[in-house]
Amino acid sequence: MKGTYMLATGILAVSLVLCGYGCRSHGVKIGGPGGLQEIPVGDFSSLTGDTATFGTSTHNGLALAIEQANAAGGVKNLPIKLYTEDDQSMPDVARTVVTKLITEDHVIAVVGEVASTRSLAAAPICQQYKIPMITPASTNPAVTQKGDYIFRTCFTDDFQAAVMAHFAHDQGYKRVAVFKDIRNDYSIGIAKIFEAEFTKLGGTITGEQTYQEGDTDFKAQLNTLKGQNPDAVLIPGYYSEVGTIARQAREIGLNVPLLGCDGWDSPKLIQAAGNALNGCYFSDHYFSKDIKDPAMQKFFADYKAKYGYTPDALAALGFDAGNLLVDALKRAKSLTPSDLRDALATTKDFPGITGKITIDANRNARKAAIIMKIVGEKKVLYKVYTPEEIDQ
Amino acid sequence: MRILMLRVIAILVTFIGLYMLSQFVTYQMDPYYFQVLIECGVYIILAVSLNLINGITGQFSIGHAGFFAVGAYVGAAWTMIWQPMVVERYSFLQMGTLHGDILNLLIALILGMTSAGMAGFVVGLPSLRLRGDYLAIATLGFAEVIYVLLLNINSVGGARGLNGIPTLISSGNLALFWVFLFVIISIVLSRNIMQSVRGLTWLSVREDEIAADAMGVDTTKVKVTAFVIGSALAGAAGVLYAHFLTGISPDIFSMNTSILITTMVVLGGSGSVTGSVIAAIVLIVLPEVLRFLKNDRMVIYSVLLIVMMLTRPQGIFGTKEIGFPKWRRKQPKTEGRSA
């Protein structure tokens, strides 16, 4: 009997202590430029956990952009302060840290996440508190559908799929087969849009086969695809399986070009495939050392000088998200989240290093994609597609 | 009679206290601390329920995230998939009003707990044959099977998970009420089991299974019951967590989570309910407190864990309890000695 009382009192006491500790200023406090000493900006990234390399890259890119903006005098004479939190590659932790950034650090904008699951977990929080959120690299279309405060500065899977459909058409392929990862949302989404677009452009989808992440033998499906006699095969998967698929395709004599998307972008792809991917193509973010743009070359040099290694596409996307945010802060009427949101929404032709960025009505970035060609064991820039070319 | 009345009063006081606390805290507390508090509550339920299996009954299960996931997904499936199917015919199930939300949450809880409990039964059965390390592997395997299944079932979103789950538990500012109601239920349940005659049979299985068997204890029944109760409580934690987070994906229920819950039980002291509670709070709050350390945070966290285990290998509390006076009326002093 006493026990229950004691338990209840104990819990009451603990909660009250916690509460007293936690009862601080309620809501988000934002002063005008006069009241603020610095501009607080939040960043949540997977700095540890399964996809630590992704998060580290975008975080580094973002930090570099903020550092350069502060060196150039900040925004409205105020320096930008970046609050970084690690979400351990876990969606529920992402939710907690974003709540912390908004309610404890009082940030006026949040930049974050590569993985769409984590962006999807954080987006409702940002929307609830009406704090603009910019995802530098989540390509899943559902992320920005969470509300009018959620922005994206990379292209969506839908756009990427449309690019591949146009590319296949432009290459003169009439018959394309699709081989997708049934377990992967990304793969399924791209396959669906590609099929619709390619059919619209007058092409034929000869057939569809599926595999699962972790499979090692693809010969049965590849033989079926070979029997359909396609001009090319679209494999919208991750690099981890594509290398093996390519080798097995060549072994059974399926020698047509293979097409892929940004999931192919990894040095490990060529390691696994060897020579088998010679003459294949994949779409990627507008980022390559081959692009002779001075801004791109400067980014390569600055990044290497600061962090000691060559940046990848995700670092460039983080860098662009940071610069776009700085630009919007400069254009915003005042430093409130709602004015910042309006400034972000009206971003037009922002000169990012990964292409000109225009934010469309659905708060997605419209920007160019590139086609990389694999020659021997090297990846070379082959073609650039702008959003205007895809719209036609 | 007096005892019964006291019991009813105690339960009423707990309910009203929790309700008032819940209202108060929701209005007063900073959302970040509130979120950490709820997370603490959910993990206390998980740790205490695993303690029933690992600590009190002496089995070694390291797949608790599997039951957690079953509860979360079944509960979320009710509110997101099944409820919209039947709501047209049964309009009283409509969500949006307070009583509608509570009704739906209760249904989700019943479904989640039942299915997690059934999963516990299925896993409990092999525990008749397996012991120690082998049982650990079987439970870990179960959790992985659940994880991979969830990745592959398209109707619950695959790798992207279920998003936009209604926040039923926050309806009427009751989030804290629901979570801590289950915290209390799991603590009181553990305590009652430990102090009852039936509970002694559970402890006897932990201490020496062969001897218990020889004394006529139905060890099979004890082990399966422990698994079913433990996993049903984990299922309840899952339902509550899903309806608090509003979005779940398989990543939340990966092996890391299983290991985290097991760590809580071991760190607190296997068999100590108080220990599980304290360890759950420590392991959830510590990484948040350490956030000022930035990149070294997880390193320091791990070092602290190692130091704790080195200095107190029996766990923070060993098998001791705090605030657990004898539940029963005072026994006549002579009893047990005279014979």
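This passage describes the pockets, cavities, cysteines and selected residues of a predicted two-chain model.

Because the model is predicted, local features were required to have pLDDT of at least 70 and side-chain atom pairs pLDDT 80 or more, whereas totals for chains, interfaces and linings use all residues. Residues are numbered from 1 along each chain as its sequence is written, chains are lettered from A in the order in which they are written, and side-chain values use heavy atoms, with hydrogens and water left out.

Open and enclosed spaces were located on a 1 Å grid over the protein atoms alone: a cavity is a set of points where a 1.4 Å probe fits but cannot get out, and a pocket is an open set with protein on both sides within 12 Å along at least five of seven lines, lining residues having an atom within 4 Å of a point. Grid points are joined across faces, edges and corners, and a volume is the space filled by probe spheres set on the points. The second largest pocket has a volume of about 730 Å³. Helix H3 (91-103) of chain A and helices H2 (31-56), H5 (132-152), H10 (255-268), H11 (273-289) and H12 (297-311) of chain B each give two or more residues to its lining; helices (H or I, at least four residues) and strands (E, at least two) are DSSP runs, numbered from the N terminus. The lining comprises 30 residues, and A:Gln88, A:Met90, B:Asn256, B:Thr257 and B:Leu260 lie nearest the centre of the pocket. By class, 14 are nonpolar, 10 polar and 6 charged, where Ala, Val, Leu, Ile, Met, Phe, Trp, Tyr, Cys and Pro count as nonpolar, Asp, Glu, Lys and Arg as charged, and the others, Gly among them, as polar.

H10(B) gives the most to this lining, with 6 residues. The end C-alpha atoms of H10(B) are 20 Å apart, in agreement with the 20 Å expected for 14 residues at 1.5 Å a residue; the expected span is 1.5 Å times one less than the number of residues. Buried residues of H10(B) include B:Thr257, B:Ile261 and B:Val265, buried meaning under 20% relative accessible area, exposed over 50% and partly exposed in between (1.4 Å probe, protein chains only). Their cover includes H2, H3 (64-86), H5, H11 and H12 of chain B. Just after H10(B), B:Gly269 takes a positive phi of about 110°.

The whole structure holds 4 cavities of 30 Å³ or more. The largest cavity has a volume of about 70 Å³, and residues of both chains line it, including A:Asp92, A:Arg95, B:Asn163 and B:Ile252. Its lining divides into 6 nonpolar, 4 polar and 2 charged residues.

Two buried residues of chain A were also examined. A:Glu113, in the loop between strand S3 (110-112) and helix H4 (116-129), has a relative accessible area of 2%. Beyond its neighbours within four places in sequence, A:Glu113 is in contact (heavy atoms within 4.5 Å) with residues including A:Phe44, A:Asp87, A:Arg118 and A:Thr135. A:Leu340, in helix H12 (residues 337-345) of chain A, has a relative accessible area of 1%. Residues touching A:Leu340 include A:Ile108, A:Pro132 and A:Leu325, not counting those up to four places away.

No disulfides (cysteine sulfur atoms within 2.5 Å) were found over all chains. The sulfur of A:Cys261 is 13 Å from the closest cysteine sulfur, in A:Cys280, and therefore too far for a bond. A:Cys261 is buried at 0% relative accessible area, and B:Cys40 is buried at 4%.
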